[in-house]
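Q: Please take a close look at one part of this structure. I am new to it, so short sentences would help.

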Amino acid sequence: MPTVAESQTSTETDWVSRFADDVIAESERRAPGKPVVVASGLSPSGPIHLGNLREVMTPHLVADEIRRRGYEVRHLISWDDYDRFRKVPNGVPGVDASWAEHIGKPLTSVPAPAGSAHPNWAEHFKAAMTRALDELGVEYDGISQTAQYTAGAYREQILHAMKHRADIDAVLDRYRTKKAAGDTAVAAKGKGKQQQKKVDEAELEAAEGSGAADEDDGSGNSAGYFPYKPYCGNCGKDLTVVTSYDDRTTELNYTCSACGFAETVRLNEFNRGKLVWKVDWPMRWAYEGVIFEPSGVDHSSPGSSFVVGGQIVREVFDGVQPIGPMYAFVGISGMAKMSSSKGGVPTPADALQIMEAPLLRWLYARRRPNQSFKIAFDQEINRLYDEWDALERKVADGSVLPADAAAHSRAVRTAARELPRTARPLPYRTLASVADITAGADDQTLRILGELDPENPLTSLDEVRPRLDRAENWITTQVPAEARTIVRDEPDAELLGSLDDQGRESLRLLLEGLDQHWSLDALTTLVYGVPKVLAGLEPDAKPTPELKTAQRSFFALLYRLLVSRDTGPRLPTLLLAVGADRVRTLLGA
């Protein structure tokens, strides 16, 4: 196994390497010779979205770097499926207002959406995320908190927390006071002194997370402070109030405010309840020996879970708070027709329908955790893919910067395996345009793509998969019907008849050059060159502002004649898609 000094000689300067250095050093200080433990927590309370994915990708990338250096690592993902069902999410297929009757029950005790193949609510939403994590190459150990609590795994820790409930309450009370004072101070500063930049509605929704930051911390009980909440033995909900507890016998009495049920149990043998969130989290840090776990903005403000947990883990559980960077919001650019997350922000499964796994990994790898970024579901995805392809070319020719090379390496492979990639990565915008025009017909798609480069023709669509499939999915799920491209069936006789001499000459020049320019690059030269020739210039002349205006007018004319709109897919791609014979017909030849 390499030493810390050896691991720190890495020439990489990216954020992942720096955190890996810190985590290795801390792990060797705390638990030399033992596996390095990093952690994530996900609540399957509804569709697990792309903001939640940062909770996993941040420690995954760090864990994977540590594995590459030869260390044994455990990435724990705690499925917080023993959390209470807080609310009925909007827009989930198979779910209606009747699910409100289950509010307060553990997520694993709530029925799955109608038609689901899964046994309960939590398993239904975990399933989509586990499939996405597998596609993304995330290696982890999943831990069901329902299984842990109901098996009595934390019994010793629960009894310890109850015995030291006054100490926990004292810590919480310090932060309750700080929070109240902080709220007053912020109000006094006025709107002009905001601490964080404003985020858009999608980012705010993405920041909502599991809602654990808003959970009850156990306070407000007239019988005293208790950091443990039973689920009711009658109705199964957590709307319970502990009325007494005996440290010697561990006898606990509670009543349920939902159904009126009362029960006396012995906590040293009772497994139907859990610690409140602000105690549960630090308890697990100590129990699992977590070295690294990031947290979102909602957990990192004064008095919130991560900050308070740092005090509780040290003062109550004799543990150490993990290295825990705060991660920023993940926003969304464009959100049309979401399939599995209607009414909310998109999920990793939604993103993987329209982009390849390496690209999605790259978005999380290239930005430091405290930097927000957006994931494109609109036309920006074309620019994003262009940027990715440019990076691939720099990697291939050796001109890439070290940090960019590191982000690329983390995107395309893990310590365990290379991720599937498209053998012949044609531009995404080209594939999307072809998919738009052909409506996904394989024979037409192969014909068009095969003519892009006559010297190296495409012979099978498998060469451009999975990127082609992602582009087709983007067209069908994200591009509105009114924006789709429909090629005309007949020439626009009225428009053709109204053309002046210059308009007719421009079409003649284009049609005259079709046969000699029937490839993507050559057609690009042809369509940009026609206005230059009309202006008495050479086809390769540099465009002037006046020439650019003439080009735009020529392009608009071609679009109107071919697809009855002023804009559309890139003209060279459109011409190839339509085919030479049909182009001649529609342009009045």
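The request and a connected answer follow.

Q: Which way do the residues of strand E11 point, and what surrounds that part?

A: This is a predicted model, where local features need pLDDT of at least 70, side-chain atom pairs count only at pLDDT 80 or more, and totals for chains, interfaces and linings use all residues. Residues are numbered from 1 along each chain as its sequence is written, and side-chain values use heavy atoms, with hydrogens and water left out.

Start with strand E11, residues 330–333. Strands (E, at least two residues) are DSSP runs, numbered from the N terminus. Val-330 and Ile-332 point one way. Gly-331 and Ser-333 point the other way. All are buried, meaning under 20% relative accessible area (1.4 Å probe, protein chains only).

Next comes the partner strand. E11 runs parallel to E12, residues 373–376, and four bridges join them. Two strands pair if DSSP finds at least two bridges between them. Gly-331 has Lys-374 in E12 as its bridge partner.

Now look at Tyr-364. Leaving aside neighbours within four places in sequence, its contacts (heavy atoms within 4.5 Å) include Val-330, Phe-373 and Ile-375. Trp-15, Leu-50 and Met-57 are also among them.

Tyr-364 also belongs to the largest nonpolar core, which has 107 residues. Such a core is a set of buried Ala, Val, Leu, Ile, Met, Phe, Trp, Tyr and Cys residues joined through side-chain atoms within 4.5 Å. Leu-50, Leu-360, Tyr-364 and Ile-375 touch the most other members. A second, separate core has 29 residues, including Tyr-82 and Val-276.

Notes
Buried means under 20% relative accessible area, exposed over 50%, partly exposed in between (1.4 Å probe, protein chains only).
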